Amino acid sequence: MTTALMLLPLAAGLAAFLIRSDAARRSLLLWTARGHFLLAVLVIGAYFPGGSLIAAVVSPVPEPSSPWFAYDPLGLLFLGIASLLFLGAAQYAVTYLAAEKRDPGEDADGGFIFNNAPEAVFTGCLLLFLSAMTAVTASRHMGLLWALIEATTLLSAPLIYFHRHKRSLEATWKYLLICSVGIALALMGNLFLGAAGLKSGVGLDLAPLLSGAGALDKPLLKAAFLFLFVGYGTKMGLSPFHTWLPDAYSESPAVVSALLSGVLSTAALLGILRVNAVCASAGLADFTGGLLVLFGLLSVITAALFMLGQRDYKRMLAYSSIEHMGIIAMGAGLGGGAVFGALLAALSHSLVKAGLFFTSGLILAAEKTRRISDVKGLWRRAPRTAVLWLAGFFLITGTPPSGVFLGKLIILREALALKQYWLAGAFLLFLGLLFGGMARVFISMTFGERVPKPGERPFEERAGLLAPAAAFLVLVVLAGLYLPAWLQSLLAGAAANIGGKL
Amino acid sequence: MEIVKPLLQFLAAALLAPLLPGVINRVKAFFAGRKGRPLLQLYYDLAKLLRKTPVYSRTTTWVFRAGPLLGAAALVTALALLPFAGRPSFLSFDGDFIFLLYLLGLARFATVLAALDTGSAFEGMGASREMQFAVFAEPAFFMGLASLARVTGQTSLAGMFGALTGGTWSTAAPVLALLTASFFLVLLAENSRVPADDPDTHLELTMIHEVMVLDHSGPDLAYILYGAALKLWLFAALIGSTVLPRHSGSWAGDSALFLLMMFGLAAAVGVVESVIARLRLTKVPYMLITAFAFSALALIFQMGR
Amino acid sequence: MHTLAELIIVFVILLNLALSVTGGLAACIRLVAVQGVVAGILPLLAGDGAPHARTVIFAAAIMLLKGAVFPWLLLRARDRSGAGKDVEPLISYPASVMLCLGAFIASSWLGSRLPLPDTGVAWIVPASLATIFTGFLLITTRSKAITQVLGYLVIENGIYIFGLALFVEQPLMVELAILLDVFVAVFVMGIAIFHISREFDHIDTAELSELSDWRRGEYGK
Amino acid sequence: MLLVLLSLALLLAGSALALLLARNPGRAQDAGAYYAVAASLAGLVPAVRVLLTGETETLALPWSVPLGSLSFNLDPLAAFFLVPVFLLTGLAAVYGADYLKGYAGKKPLGLAWAAFNVLTAAMVLVLTAANAVLFMVGWELMAAASFLLVLFEHEREQSRRAAFLYISAGGVGALLLLAAFALLGRSSASLDFALFSAPAGAAASAVFLLGLFGFGLKAGFVPLHVWLPEAHPAAPSQVSAVMSGVMIKTGIYGLIRLLGFLPVWEEWWGWTLLAAGAASCLIGALFSLAQHELKRVLAYSSIENIGIIVMALGLGVVASINGSPVMAGLAFAGALLHVLNHSLFKGLLFMGAGAVLHGAGTAELEALGGLGKRMPRTAAFFLAGAASACALPPFNGFAGEFLIYLGAFKALGQPGPAGLAGVIAGLSLAAAGALAAAAFSRAAGTAFLGEPRTEMAARAHEAGPLMLFSMGALALLCLLSGLAGPFLLLPVGTASAAAFGLPPALAAAASAAQPLAGVAAGFLVLLAMIAFGAVKRKVFLRGKTPAQGLTWDCGYAAPTARMQYGASSFAQPLTDFFQPVLRKIGQYPVITEYFPARASFSREAQAVFYNSVYRPVAVRIRDLAYRFSWIQHGRLQLYILYIVVTLILLLLWKL
């Protein structure tokens, strides 16, 4: 089943390049996403033999795990995130592509005319990206994991450059180069990791690495971690390696931004968590944890600095992503119970941020601008979008009931339990600044009296664009009201994979 | 008899209060070398006013009519709390002086609203000034009561004045002296006497209390005049009880001495009015701040002992 | 054979120096190609005894890719984009050389600090680290997009050499995947350069700095 | 407890229905209002029962949320806060049914009602939750719902600014509370209140400070009050009533609960509370005097009253540490009693202000005047509320302050710091009381008395019957609860015992019963005197027809309404005196000619704390953030340099 999970989008992606008919390609995208989601549900369900309804329906025969690809709870969690997000993204993309066909063209802020990339390339890359992402979550070899993460980078570059104009090109270029350089450093890290295991002959397979971590050469392992951390941290968007992120998130189409922030960053996060687990088993938890906490906090601070006075609402969302990556890194670094919180925060952040990016796409379509100061009274022009936008604000800032809130609470509690008072204080301070910075933006955009632009037609809020965003936001609220036992045990299992506990 | 005594005291105060302005006027007349109004002039005035038909402005509402009534009722109630010659009145409980303070507040509030109800520029001015001075007078008054409570360790009027004995004057003379001074200053300001105000002035622009009641007439004005007399009595009684803490044991003796003291105080007010010029309006707060300083000093002295 | 390998290492270092002073774009591309080929030879020499067939095939693939395919791609991109002849450094050439030398010294020091297993080939670790830093030097101090791709390739070369130095045997699948990634990366970058040249007048990255949050002059008032 | 859940369910159902019926404003109104009233009635029963019996009702259900559990706890303290919540929201719903009618078609009434019911439900949740996660859910729902209501007139720039301040304060406060709860429950299995470990020493002080600021941002005492005078007036009036009357009290409730979590108090906590309370009752009253809009006057008065409550809490803490349970008990009881009383009269006053807004179209004091003629009932109710707010007998405002005063005076007999605390508290109360009297006589006088200053005021109309009903009911409650002081001692006592333990509650009950009875007797005497005076007046006036005329204006022949004393001129002597604090801006007339034809005078109140503390800090922080904005410079080379430099530094540092 694991293989099918990867091959389905791979085959569909390759086919997408060849299909001529737009309609056929779109339904291919939609149905592949649905199929992938179904498979993912089955795979995750199979992990809970007897514990869940799905497992009762499907035969809970465990697959023979290949040395390359196999699932542990951590992988399953990230698979679930990726598949669910892609399901929503596919729905959104199909509607978006159909609508984009009708009115292509004018850049929102520059005013110049541009062409979009061929739809076949876009759809194909989307599907291949899903395939690579699925492989990342299943990968059991550090070298292979590296190669697959680099593949996700390369496959997403054409997605960012969907609107073919100067600024998106600039964003793509920065993304491509910075991430490639980062990933190259991660390769160095893998080499160090290999070197650390040379004496004991562990190799780069995850299982022996974890079980034989004690025999690894400590200084080399440290070096490996540093390189891998900087490398994957670049991809994940931790400060100060985050510089490409606001550009790429803001210039790509909403659906791509959602995937970048919700899926791609978690791929890099997975890389860091994997190597962190190895280091933790080798007794370097303090060393790696300290770094994760340090850079996590730095990311939160950076995000707060750029949130104040931010002028572009998609960039604002991008900085908020940096903030959350920081929070997740902090949680992972603190260890213990905080890991659970970090994973919950990662899950919730992916969903909320995807919902927000979807909504930002609607706003862009309605207002034709990304400047915060040019959007006023969204309530009037697109009421449903406005509701989602405001709901997204409350959720992303950690207002209960939501998964984001629970994640933050658990992390904060662990920080205090570990007597990291200064850390907790700084964390709170900058969260407060972020809250204020974001509140200003959301209020000024959503409310107020709007002056209609000349020759403006009423805005049609397409259900296909609203529904995925609404569904994601609702899911996060539900997670705050009722976190099902199976999800809790999945999260706990995933946390146990990387040395955490509840 | 013991049940009747407080009622007798109350009735005495209620009946004798209008005599105090008369005393003041006579003292002033004496200093001015005039014969002066009759001692009972206020009684005559009240009787005359109660018989008169009032005139109401078309601007006013029930608030204007209720003002004098509420003011007088509040002051009569306050009188019911007031010890007479250091003996409790029929309404006496822990913290009764707080109630007294707020009854005075109610009277002021009612008068001010009635004044504002006329829509007159002058009455508004008076109301504004009245409220301004209250803001300075109340803390001063409060501080005075606080130091009194501290000196005596009691928290009711009757308790405080009952606990004041000649011995207290010998041990806490500076405190009590400061208190008396402070209370006297508050008395002058609250009862619109010189140097805070001039009850006999005829220039509306400079008036405070009198200007608020310009529009009242008939029984309403009678209520107001009576209320003012009660207020004067009230403050004078507070000072009198502080200065004169002698309890001979004889109710009649104490009461007579107390009444003498009251008229003495009225005479003192008259003397002050005769020898001191009126302060500029903007300086009145300073006078009240001085009163506050006196009572604060008293409290500090007492707490430091 | 180690002597030969050491000679090659010296050659790689010299190539780094050459890269830091070369002003011509085409020359730079060729220098990087040469470095790639030279690095590709290394695994054939580094081991003891005759190399495996697998090693040979892999080395051949790398030499083909780095020696022929990449230069061809990049030169084509340069011609298509009409990107002048110069690399247009942001700092002077002498400064570049000094930095390059500095990088080498730092690398030696760093190499001595890292408790790496002895490889038998002298200077291989410092050389590889120095190559990586040279790559960074090219990326950060040259203004054209194409030189940044070159810098990326130099970093890649350095990492490749470093990997050899550690004798980290990767499974073939992983090595191929890595190679494929590098290839696709360069390919995608080439396409991007082509698009850049079409959208912008120059492929000078100064133009590629429109996306910014810098609020120059809006503070301290 | 089940009835509380029922009332929660009714509220949520009401809000869902209001949303569903949003297309038909009339029916949405009905749904929202009916369900809110039903929920209030259902909720009042258990709240009153718990207060009378003193028995705690609890309910605990498992909740599949990490650290969470569905634990509810209806103890006398919660019940004591619940009573005004249910009373006021029920009456506000009745009032709103009339008040919002005019907005049908112009505003999304369905949403407004949904938010109102959610706000009520959230308050109930906050007051009954016994688990921090559940508490925070209620807390934030409360903030979010009221945030939407503050934005009711979101077209106005002022409303949006208010909403921004409000939600920022709420967000920051929630973060601090989160930290406080996390600190309390850092080693427990879940964040149930019952499982909290009792921290000691520095940790306890940290919890106290976090709670002080977290809850303080909701309660709105100085200096955490800046959002309050902006946000409360912006909401529809019945919501202002609820926000000012009961919502900010949840902050007080939280503070009291927090003190309950901390077994050992430090003396400086008490002094901090005392200082914050004293500052806010003085500053609130003073600023209330300087405002030009009726609802802002009331909002600042809320700051004053919250200050009184907090000050009493501080007095109680200082006293109980210094071993004077009587004084502590009186202060705590006074604080609780004032919580109840303030919610009644502030609700009434905001509804009155709403009626003014509704009838005259504006609540700007300088545009009003003479409304007493056109809306006599509203005027009467408002005056009753104003008298309560000034703690004037015989209304209820007096009772709570009386207990606090009594506590303060009892302290005077004590040696050491308790005495000082008593002096500070009593003095602040006296000064604030005088200022409040000035503020309310000014507000009521300018709005309702005299001649109308504008055409709008002259054409004002009386409020609708439901609005009058709500106001009348509250006015009656203000009077009755004033007279019923001794009877309120029992619920106050049980609540106080639940919050602060038995000894102070008993001591207070013992020492307050007699004085409160005296006060009640005094009230009766006062009422009797008033009745007597009124009857006598009738007798004197029998057979006489009072003449009607112009107001005597000292001989001036043509008085106009413009000659009246206005709100600015009324306050001017005091505001000038306190100018260093108030910092009003405006101009005085400069007269240069002998016969000046015109002169103008204007004074405008400023949000001094916001302008001179918060704004400069915010600007400084933003400036700092901009200084770092070069990081996102736009140049790729620089970006890669960050990576390299960081990597090298890490290698140097860590290897």
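Let's start with confidence in chain C, where helix α7 (residues 172-199) of chain C scores lowest, at a mean pLDDT of 76, and helix α5 (residues 124-141) of chain C scores highest, at 89. If pLDDT is new to you, it is the predictor's confidence in each residue, from 0 to 100. Chain C as a whole averages 80, and 86% of its residues score at least 70. Where pLDDT is low, the predicted coordinates should not be read in detail.

So that we all read the labels alike: residues are numbered from 1 along each chain as its sequence is written, while chains are lettered from A and ligands numbered from 1 in the order in which they are written. This is a predicted model, in which local features need pLDDT of at least 70 and side-chain atom pairs count only at pLDDT 80 or more, while totals for chains, interfaces and linings use all residues.

Staying with chain C, which elements does it have? There are seven helices and zero strands. Helices (H or I, at least four residues) and strands (E, at least two) are DSSP runs, numbered from the N terminus. Of the 221 residues of chain C, 47% count as buried, which means that 20 or more other C-beta atoms, placed from the backbone, lie within 10 Å of the residue's own.

Now for contacts: two residues are in contact if their C-beta atoms, placed from the backbone, lie within 7 Å. Among contacts in chain C between residues at least 6 apart in sequence, 77% join residues at least 24 apart.

Next, please look at chain D and its neighbours. Chain B and chain D each give 66 residues to their contact. Which element of chain B gives the most to the side that touches chain D? That is α6(B), with 18 residues. By class, this side of chain B has 42 nonpolar, 15 polar and nine charged residues. Here Ala, Val, Leu, Ile, Met, Phe, Trp, Tyr, Cys and Pro count as nonpolar, Asp, Glu, Lys and Arg as charged, and the others, Gly among them, as polar.

There is strand pairing between these chains too: β1(B) and strand β3 (residues 547-549) of chain D run in the parallel sense over three bridges. For strands to pair, DSSP must find at least two bridges between them. You can find B:S57 opposite D:G549 in β3(D).

Finally, chain A: 53 of its residues are in contact with 44 residues of chain D. The largest share of that side of chain A, eleven residues, comes from α18(A). By class, the side has 36 nonpolar, twelve polar and five charged residues.

Note on methods:
Buried ≥ 20, exposed ≤ 12 C-beta atoms within 10 Å, placed from the backbone.
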